[in-house]
Amino acid sequence: MSDRHRLLVRGRTFAAVGAGGDISGVGGARGGGAGPDGLFVRDARHLSRWQLTADGAVPEVLAPVEMSAAATDAARCVLVPRGGRQEPPAYTLLREQAVADGAFVECLRIVSNRTEATRVRIALTVDADFTDQFELRADHRTYAKPGAVRTRRATEGEDGEGGVRGVEFGYRRGEWRARTTVTADPAPDAVEETGGGARRLVWTLELDAHDTVEVALRAAACPHGEAEPHLPASPADAADQLASIQAGFASGVTLPTRWPALADACARGLADLAVLRVPAAGPDGEALSVPGAGVPWFLALLGRDALLTSLFALPYVPDLAAATLPALAATQATQAVRGAVAQPGKIVHEVRHGELAHFGQVPFGRYYGSVDATPLFLVLLGAYTEHMGDTALARRLEPAARAAVGWMLDHGGLTSRGYLVYRADQGGLANQNWKDSPGAICSADGSGASGPVMAAGAQGYAYDALVRTAWLARTAWDDPVYADLLAQAAADLRDRFQRDFWMAGRNFPALALDGEGHQVDALASDAGHLLWSGLLDKEYGEAVGRRLLEPDFFSGWGVRTVAAGQPAFHPLSYHRGSVWPHDNALIALGLARYGLHEEARTVARGLVCAATTAGGRLPEVLAGYDKGAYPVPVPYPHACALESKSAAAPLALLTAVGGA
C-alpha cells in the first residue's frame, strides 16, 4: 500500500484515504502508486470519490492524516481554506473518519476563527464505481461487463418530507446487485450533478463568531446479497467498537516483560489480527471469523495464509485455528474442476466474493492453486488437537482430514512421483507454493524451473502432515492400521528427500526438483521451513540453520528469500531476495526446534528491530538490502501494509525464543 494512503480496516471492509481525508479514485496499480484509494467491501470499491471543497476550492492540509501511524481506528486531519500570509484563515476544518463493517463515517467540524459571523460553502463530491479489485491490479487485463448499469438518485428523509438527505449509487449486471448510500446530518441544501457519474452534496453554513458546526457523513455499502449494514453513530463510536473488539481478542494473552520491543510487536500484531478477520461459514453453515490475508489486495480467505497465521497464533489465540479449520473443511474440493485447479480432498487456496469471480471472469471464486494448503491443514489440525488436549474437532473433521491425506497421496503426487508436485496453471498461478510469483522457483543463475515442480518447502509440510495425522489416527480416530501406513509414508518421504534434494557440494538442499527430477539449485530461505517441519536429520538441519545466518542470507533485518551473490538475487524482487517476516518466523521456529537457540534469537532480534521502526508493525515483505545500507528497512514497493501472517509473526518469535 502506498504511504500516501492511510488505512482503516474492520473485517471485510477497509478504506484508504489521502493526507487530507479525500478519496480520489485515481489510485491503484493502473493509476500509479502501490494501492487504490476508496472504500472497499467484499472485493469491490463502494466509494471511489469522497472529495471536500470549501468555498469552491480544495482546502490546504495543515495537519495531515498520520500516514505512518500503526493505529487503524480513525483518520484525523486539520484543513484550512487557501489564502495568503496577510490574513489568517477565517475558519478551520477538522475531519475525523472511521470504518465499521460495510460502513464509512465522518465527522466534519467547521470552526470559525473570526469575531463576526461567517458564511461557508461546503461541498462533498461523492461517487461509487463498484470496480472489482481485480480490475485495479497491474495485470493489463480488461473485463467485459455486458448489460452493466450504474444508477444515481437523490434520497429523502425517512418520513419522505425532510427534503434531500443524500444520494444512492446503484449497480446491476444480470442478477448481480450492489449499492452505496451516502447520507448527511444536517441534510445538504442540494445534490448537484457534476457532468459525470459523481454527485456533489452542498451546504451553505452560517457560523456565529467562534462558532462550531458539525456535519455527520455516512456511507453504507451493500454488496451483492448483503443486508443494509449497521451504521455507527460517529467515528468515535466506531473507534470505541474497534477498541472493544481488539481488547477482547487479546484478552488472556501474556506478553514478555524482559523484551519490551517484542511485547510491543506482539501487541500490535494481535490488534491487527483482530481487525483482519473476515466472515466465513463452517461445514454446517455456522458463522465463523477467520484471518483475512491482507490489505489492500487480499482481504479474503486464503488457505495458506489463514493456516500459517493460525499456527503462529495457536499458543496464544487458539480461536483462530478453531475457526480456520472448519471454514477450510467447508470449502474443501469434492470433485475435479479444471479451471479452479480443484481435485477431491484439496484445500482451497483463495475464496473471493466479487463480481468478476461471481461471473467466472477470474478463477478465484474458489481457487485451489496451492500445493501446500492441504498439508498445512493437516499440520494445524494435529497441532490444535495436541495444544488443546481435546479431540472433538479432530473427530468432527476426520472425513476432511482423510480426504486431504488422500489428495496428497493421489492427485498431490506422493505415490506416483514420490513428492507433492504442481504444474503451472495458465489461467491462474504459475507457481503454487508460498513463493507464487512468476520466476520465483529458479536456479542460482535465475533460470526458471521447467515442467512439473516439486518445491522443497511443500515436502516438509507433507512430512509433518503425515506424522501429525498418524498421531491423530492413533489418539483420536482409533485406527492404528491407518496410523502405521501414514507413519511409514512419512519415513519414506524423509529418506527420499535427503537423497534427492541434498546438494552435497553446497551442503544445502535444493529449492526444488524440476519435471525431470533435476535439482533447482538456488540457495533459498525455504530450507528453513524444512527445519520447522523436522524433515532433515540433525546434522543436515544444523548445517542449514547456520548457513541461513551467513551474511549473504541474513540482511540484518531477516533472512533473504534468496541468498545475495547469486545471479537470481534482486533485493526488490518479490520472492528472489526480499525479506518476509512470516518466512523468518518459520525459520526461527525451525532453528529452535534443532537447538540453534542463539541463531533463533538473531533472527528474532532482526525482525523486532524492523518492527520498532514502524510502530511495532511488520509489513508483508521488506526489500533485501543490508541493514547497514540504510538506517530503517527499505520497504518493498507493493507490499500489503497489513498482513495476517506478518501480524502473527511476532507471536511465532515469542514461541521460538521465549521472550528472552
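Tutor: A polar contact is a pair of N or O atoms within 3.5 Å, where one must be able to donate a hydrogen and the other to accept it. Keep that in mind as we look at this predicted model.

Student: Glad to. What makes the pairing of the D272 and R617 side chains a polar contact?

Tutor: Their distance is 2.8 Å, and the cut-off is 3.5 Å, so the pair qualifies.

Student: Which other side chain makes a polar contact with the side chain of D272?

Tutor: That of R268, at 3.0 Å; the limit is again 3.5 Å, so this pair counts too.

Student: Why is D272 called buried?

Tutor: Its relative accessibility is 4%. Buried means under 20%, so the label fits. D272 sits in helix α2, residues 260-275, and it touches R617, L642 and A647, leaving aside residues up to four places away in sequence.

Student: Now the strands. How do you know that β12 and β13 pair?

Tutor: Eight bridges join β12 (residues 164-173) to β13, and they run antiparallel. Pairing takes at least two bridges, so these strands pair. One position to look at is G166, which stands opposite T183 in β13. The two strands form a hairpin with two residues between them, and G174 in the turn has a positive phi of about 60°.

Student: What makes β13 and β16 a pair?

Tutor: Seven bridges join β13 to β16 (residues 212-222), again antiparallel; the requirement is at least two, so they pair. There, V182 has A219 in β16 as its bridge partner.

Student: And why is β13 described as mostly covered?

Tutor: In this strand, residues 176-185, seven of the ten residues are buried. Each of those falls under 20% relative accessible area, so each earns the word.

Key
Residues are numbered from 1 along each chain as its sequence is written. This is a predicted model: local features need pLDDT of at least 70, side-chain atom pairs count only at pLDDT 80 or more; totals for chains, interfaces and linings use all residues. Side-chain values use heavy atoms; hydrogens and water are left out. Buried means under 20% relative accessible area, exposed over 50%, partly exposed in between (1.4 Å probe, protein chains only). Helices (H or I, at least four residues) and strands (E, at least two) are DSSP runs, numbered from the N terminus. Contact means heavy atoms within 4.5 Å.
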